[in-house]
Every structure is written in C-alpha cells, then in structure tokens.
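Student: Could we go through this structure together, checking each label against its cut-off?

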Amino acid sequence: MRVDVFLKKTLIIRQRFAAKELCDNELVKVNGVIAKPSKEIRVGDVIEIETIKGIVRYRVLNIPQGNVKKNEVTQYYEDCSNDR
C-alpha cells in the first residue's frame, strides 16, 4: 500500500491530498529515508512525519484491506515517538 493511502486510511492524516503534500514537501520518511507518496509500506516499517510540534513516529503493524473504522486504527500502527 502507498504511504499516502496508508496515512489516510488509518486516519493519521485526514485527507490523502494532505498526506501527498507532506510527502512532496519531504516531511515524511519511511525507515529514515525521505518518502515519495507512492512509496510502498510493509509491516514493520517506521513512518516519521515532521510536524510543527516535532517528529512523530509510527510503526506499521498491519496493512488495511479497506476502510478503517476510527476505533480500529490501533490495529494498524503504534505510536513510537518516545522510543528514541
């Protein structure tokens, strides 16, 4: 699954366009490498997003097959911002 689609489907970012813009502006990294919106995500990857408040990190636990309900998002990623 593409990184921009993953961010949207798991509700980390509300709009795919916004996720694509973050990638285009080099604010998203996958496993420490700047990611294009089309970068394929796999289980175990670490996604870093640079925000105004700092860098947030998410570890991919699962790849969603369809739309994700708000109460199910924790199945797909874990917040690992405090691991470093």
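Tutor: Happily; we will take salt bridges, then burial, then strand pairing. This is a predicted model, where local features need pLDDT of at least 70, side-chain atom pairs count only at pLDDT 80 or more, and totals for chains, interfaces and linings use all residues. Residues are numbered from 1 along each chain as its sequence is written, and side-chain values use heavy atoms, with hydrogens and water left out.

Student: Why is the contact of K20 with D24 called a salt bridge?

Tutor: The term asks for a side-chain nitrogen of Lys or Arg within 4 Å of a carboxyl oxygen of Asp or Glu. The closest N and O atoms of K20 and D24 are 2.8 Å apart, so the pair qualifies. In general, side chains of opposite charge can pair when their charged atoms come close.

Student: Where do K20 and D24 sit relative to each other in helix α2?

Tutor: They are four residues apart in α2 (residues 16–24), which means about one helical turn separates them. Helices here are DSSP runs of H or I with at least four residues, strands are runs of E with at least two, and both are numbered from the N terminus.

Student: What makes D4 buried and R2 partly exposed?

Tutor: Buried means under 20% relative accessible area, exposed means over 50%, and partly exposed lies in between (1.4 Å probe, protein chains only). D4 has 1%, so it is buried; R2 has 28%, so it is partly exposed. These two form a salt bridge at 3.0 Å between the closest N and O atoms, and R16 joins R2 and D4 in a network of salt bridges.

Student: How do you know that E48 and R57 form a salt bridge?

Tutor: Their N to O distance is 3.7 Å, and the cut-off above admits it. Both E48 and R57 are buried. The structure holds five salt bridges.

Student: What makes β3 and β4 a pair of strands?

Tutor: Pairing requires that DSSP finds at least two bridges between two strands. Strands β3 and β4 (residues 54–60) have six, in the antiparallel sense, so they pair. E50 stands opposite I55 in β4, and two residues lie between the strands of this hairpin.

Student: How do you know that β1 pairs with β3?

Tutor: Three bridges join β1 (residues 28–30) to β3 (residues 46–51), so the requirement is met; the two run antiparallel. In this pairing, V30 stands opposite I47 in β3.
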